[in-house]
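Trainee: Would you please take me closely through the sheet of this protein, and then through what packs around it? I should like to follow the reasoning step by step.

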Amino acid sequence: MQRKNIRWLVPAAMLSLFALPLSAPRAPADEAKLETESYLIASADPGISLYIRNKHPAGVTSFAPDRILLYVHGATYPAETSFDLPLGGRSMMDYVAQHGYDVYLVDVRGYGGSTKPPEMDAPPADNKPIVDTPTAARDVGAAVEHILQKRGVGKIDLMGWSWGTAIMGLYTTTHNDKVNRLVLYAPLWTFTARPVIGGGEAPLGAYRMVSKDSARQRWLKDVPEGKKAELIPDGWFEQWADATWALDPVGAKQTPPVLRAPNGVLQDVRSYWIAGKPQYDPADIRVPTLLIHAEWDADLPSDQARGYFAKLVNAPYKRYIEIGQGTHTVMMEKNRMQFFREIMNFLDERDPQRVN
């Protein structure tokens, strides 16, 4: 099995998307039993509720700040059907919780089980793009405050995927004191080529409609032809697609079914990331940070991850890992366990700068 790992440990001083929860997956007999809770919390804006899911070892109610993790999704798909999809009987959320963590996911408004803004009840062309990155970061802020109060702690770990890295990155730049460690999976940074989604000059409506066929094509876009058949284990794409599209009952009634996704992120891509004007400065991130990426990521290629890594000049330490034979969606592919373990290595590591 091919694997590419790039690891750097650099001290800063050396650098100048309300649903019923999925059924709980079965944990192996030798691993911790988990408790799952799904519920809504209030956002910072009236009338907007945010979907939260929490998993942790059964019977445990107290956690240290460095054992609490919040995950947020990317531009198109909600959190629960990627982070908590029981592929092969276990999700990534299960994996982290079974390591003794108190794990949360949040859907920002317009995604998954959270409130759909009223613009999504009208045709897309009737309104401008909705749910931009600052709005999503405000929703993440509401989720963080909820967890801090619930567990009586001052900070937690954060993880974002794709657009979620911009959400978590932006949030962290103004709330370093509330973040313990930061995991950025497939980081969004300035583009050097036209993006897979969001490019072009056609007007953007409030939201877009995505089919299962287009999702599969996007997933496999830059995978070598001879590797496509083995990349996603049998039945996994269908399991993910069925669960994801079911979270949009309005889109599910169309023929063929579609998933509606807000376009605020695509407007941000045009206004900032394609234009070479970052929406925030990674130098303002002052917490330990992991960037993790896969070599066949067509959505956010490796040059973006490397460019972002170079800008993290004030993180106490930082690390960049590249997984071989994986795409933007490596979390749900054959090499997912490599991905899981690398993230846990980062989160679990104690005193990584110790000289011994």
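Mentor: Let us begin at one pair of residues: in this predicted model, E35 stands opposite H56 in strand β2. Strand β2 covers residues 49–57, and nine bridges join β1 to it, with the two strands running antiparallel. As general background, strands of a sheet pair through backbone hydrogen bonds, and the pairing is either parallel or antiparallel.

These two strands belong to an open sheet of eight strands, whose order is β1-β2-β4-β3-β5-β6-β9-β10 and whose pairing is mixed. Its edges are formed by β1 (34–42) and β10 (318–323), each of which pairs on one side only. From one strand to the next, the twist averages 20°.

We may now turn to the helices that meet the sheet. Helix α4 lies across β3, β5 and β6, and its direction makes about 145° with that of β5. Helix α11, residues 336–348, also packs on the sheet, where it touches β3, β5, β6, β9 (289–294) and β10; it runs at about 160° to β6. A contact between a charge and a ring may be added here: R181 lies over the face of F346, at 5.7 Å from the ring centre.

Helix α4 deserves a closer look. It comprises residues 163–174, 12 in number, and spans 18 Å from its first C-alpha to its last, close to the expected 16 Å. Of these 12 residues 11 are buried, so α4 is largely enclosed by the rest of the structure. Among the buried residues are W163, G164, Y171 and T173. The cover over them includes β3 (68–72), α3 (133–151), β5 (156–161), β6, α9 and α10 (302–311).

Helix α9 leads us to the aromatic residues. A search of the whole structure finds 18 aromatic pairs. In one of them, W189 and W273 have ring centres 5.8 Å apart and planes at 50°; this angle is neither under 30 degrees nor over 60, so the pair is tilted. The pair joins distant parts of the chain, since W189 is in the loop between β6 (179–185) and β7 (207–211), while W273 is in helix α9 (residues 264–273), 84 residues away. Both W189 and W273 are buried.

A second pair has another geometry: the rings of W219 and W240 have centres 5.4 Å apart and planes at 85°, which is over 60 degrees, so this pair is edge-to-face. It too links distant parts of the chain, with W219 in helix α5 (residues 212–219) and W240 in helix α7 (residues 236–245), 21 residues apart. W219 has a relative accessible area of 6% and W240 one of 2%. Because buried means under 20%, W219 counts as buried, and so does W240. These two residues form one aromatic cluster together with Y77, F237 and W245. Over the ring of F237 sits the charged end of R216, 4.1 Å from the ring centre.

Finally, let us return to the loop between β6 and β7, where T190 is also found. Its relative accessible area is 18%, so T190 is buried. Apart from its neighbours within four places in sequence, T190 is in contact with W273, G276, K277, P278 and Q304.

Terms used:
Residues are numbered from 1 along each chain as its sequence is written. This is a predicted model: local features need pLDDT of at least 70, side-chain atom pairs count only at pLDDT 80 or more; totals for chains, interfaces and linings use all residues. Side-chain values use heavy atoms; hydrogens and water are left out. Rings of Phe, Tyr and Trp (its six-membered ring) pair if their centres lie within 6.5 Å; planes under 30 degrees apart count as stacked, over 60 as edge-to-face and the rest as tilted. Helices (H or I, at least four residues) and strands (E, at least two) are DSSP runs, numbered from the N terminus. Buried means under 20% relative accessible area, exposed over 50%, partly exposed in between (1.4 Å probe, protein chains only). A charge sits over a ring if NZ of Lys or CZ of Arg is within 6 Å of the ring centre and within 35 degrees of the ring normal. The expected span of a helix is 1.5 Å times one less than its number of residues. Contact means heavy atoms within 4.5 Å. Two strands pair if DSSP finds at least two bridges between them. Axes are lines fitted to C-alpha atoms, for helices over the stretch in contact, and angles run from 0 to 180 degrees between N-to-C directions.
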